[in-house]
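Subject: Structure for your review

Dear colleague,

Please find below the structure that I am handing over to you. I would be grateful if you could look through it alongside the notes in this message.

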Amino acid sequence: MKYSNLFIPTLKESPTDAEVISHKLMVRSGMVRQLATGIYSILPLGLRVLRKVEAIIREEMNKIGGQEVFLPSIQPAELWKESKRWSFYGKELLRIKDRHDREFCYGPTHEEVITDIIRKEVKSYRQLPMLMYQIQTKFRDEIRPRFGIMRGREFMMKDAYSFHADEQCTQETYQRVSQAYCNIFERCGLEFKRVEADSGTIGGSFSHEFAVLADSGEDAIAFCSNCNYASNIEKAEAPDPGEPKDSGNLQDLEEVSTPSQKTVEEVTQFLSTSPDHIIKTIVFETEDGLIAGIVRGDRQVNPVKLKNLAGSAWAHPANESLIKEKTGVPVGFVGPVSLKNVKIFADREVLHMENAFCGANKVDFHYKGVNPSRDFPIEQSGDITLIEENSPCPKCETGTYGIRRGIEVGHIFILGTKYSEALKAHFLDPNGKEQVMVMGCYGVGVGRTAAAAIEQNHDDKGIVWPTALAPFQVQIIPVNYSDEITREASDNCYQTLTEMGIEVLLDDRSDRLGVKLNDADLIGTPMKIILGPKNLKNGQIEIKIRKTHQSDLYDYPSILEKFPEMLKNI
């Protein structure tokens, strides 16, 4: 492709609303342009990158028996009401009506649609398992779209769905897809981790995320320094403290005055104790009312863990006015002893606490001599703490947690029978008995993967594409294309490399060399060929590697036959 024939509207300055480097560089390099908030037009250079990602995804999905389909983006409300997600999904679901006043939505995902197809067409265990995938545009009306195409409202996604006769078969497909995802992100040249994750609004029994490690990531990833365990921090496990033991030295419960001492730090200092002797009580609002998570004073409550332990669909920290209205106690003095109108969920560590301190549900007072086994009812106990840096790993004896930021580019779920039961996706087993299909769900963000690659691969000059994702592998830059000798050599390089199957961009513009080089660095082409009359007279051309900035002269034209091998090694 010649530069003059390609639409690449590069910019010198970054857009003022861009917060992360991938957003800045995708706009500056002419890959995308914003149409509306969170909605982007993909321009030719950007589309070449997305098609590279799609091709890798297709190859790996096809290898494990995936069958590609293309499902409608506009979905009838009846299906979503049948699965009970029409109201549950919330405002992210874009609801629309047709001319006959029938309700539809613009699909943010396609569990309902694919399950509707399978329940109508698959009747026997002999037709299972089945794995189908598509690459298609989705829409989620994010409350705060940001980071360009990384967190837009409209986005390109590969979503796959599997249907099985039993849980074991589902697990086998889940592991195959998991390996396929590892292959995809390795081929894309990304540093990533496969981490345990919460299933969120999709639901299901358990899931894993694939997170590209980058400082701009919205998710915190916890991983062990010694073993392979890694998890989204929402899901990261704390070590099990085991069964609590009664020391036999329990003190009596006693109310003590703590005037204006509200925070753990204030109470700790005032009572001359340590944070691990304080029972911290944090009140959350759920769809079923208020609940309290109680942890040691030196810990934080993990809202996702608490939500899951309580069996709630959501849990948000309750505001001070609501807490006071429902409990009669202001924030800072709330505690689990005689707490009204709130169910108590305790972290496992709390069960080991003896003669502790906590709020007395009375202004300017706390209790001492608090013993969970005796002084207050616990609805349920479990792991509800938020993991911190250097916390011990629960999977091995010697490792500790490290925490890095990550960009979620893939997510896989075992859905179980959540959707197949709701939509009545049944089949007949070998005994002729009707059973419910078991499902899996697997997604990759196509645009997110491209943006994440930029977050990991850039410098102060622009993008540094991994070769597999680069819109062009080689960029030919003549010092002066109007010079006959230079033009002839440039055209020869272009034709020779193109015939080898190498994707080449020939910069035939009349701009100064500095402008061309700057644009080439901004676009991020892995290898540049710089041709000028002086070097050509000596039978040489200059080759510069984008990633390392290494520049060397090579004999021309003999070097051209070595390009396929050279590209493999950069």
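The notes below move from the whole chain to its cores, then to one helix and one strand residue.

Please bear in mind throughout that this is a predicted model.

Overall picture

The chain holds 16 helices and 31 strands. Its C-alpha trace spans about 95 × 65 × 50 Å along the principal axes. The chain has 570 residues, and 52% of them count as buried. Among contacts with a separation of 6 or more, 69% are made by residues 24 or more positions apart.

As to the surface, the accessible area of the chain is about 26100 Å², and carbon and sulfur atoms contribute 47% of it. There are 69 positive and 82 negative side chains, with 4 Å between the centres of the two sets.

Nonpolar cores

The largest nonpolar core comprises 58 residues, and Tyr181, Phe185 and Trp465 have the most contacts inside it. Apart from this core lies another, of 26 residues, which includes Trp80, Tyr89, Leu128 and Phe413.

Trp465 merits a closer look. Not counting residues up to four places away in sequence, Trp465 touches Met31, Val49, Ala450, Ala453, Ile454, Ala470, Pro471, Ile523, Gly524 and Pro526. Two of these partners, Ile523 and Gly524, lead to the helix described next.

Helix α14

Helix α14 covers residues 513-523, and its buried residues are Lys516, Asp519, Ala520, Asp521, Leu522 and Ile523. Charged residues thus appear in this list beside nonpolar ones, with Lys516, Asp519 and Asp521 among the buried positions. The buried residues of α14 pack against two helices, α1 (21-28) and α2 (44-63). They also pack against the strands β26 (462-463), β27 (474-478) and β29 (527-531). After α14 comes Gly524, which has a positive phi, near 90°.

Lys97

Lys97 belongs to strand β5, which runs over residues 94-97. Is Lys97 buried or exposed? Its relative accessible area is 53%, and a residue counts as exposed over 50%; Lys97 is therefore exposed. Leaving aside neighbours within four places in sequence, Lys97 is in contact with Arg102 and Glu103. Lys97 also lies 9.5 Å from Pro76, C-alpha to C-alpha, with the two residues 21 apart in sequence.

I would suggest beginning your own reading with Trp465, one of the residues with the most contacts inside the largest nonpolar core.

With kind regards

Key:
Residues numbered from 1 in each chain as written. Predicted model: local features only at pLDDT ≥ 70, side-chain atom pairs only at ≥ 80, totals over all residues. Heavy atoms only, no water. Helix = DSSP H or I, 4+ residues; strand = E, 2+ residues; numbered from the N terminus. Buried < 20%, exposed > 50% of the residue type's maximum accessible area, 1.4 Å probe, protein only. Contact = heavy atoms within 4.5 Å. Areas by Shrake-Rupley, 256 points an atom, 1.4 Å probe, with all protein chains shown as cover. Lys, Arg positive; Asp, Glu negative; His and termini not counted. Charge placed at Lys NZ, Arg CZ, Asp CG, Glu CD. Core = buried A, V, L, I, M, F, W, Y, C linked by side-chain atoms within 4.5 Å.
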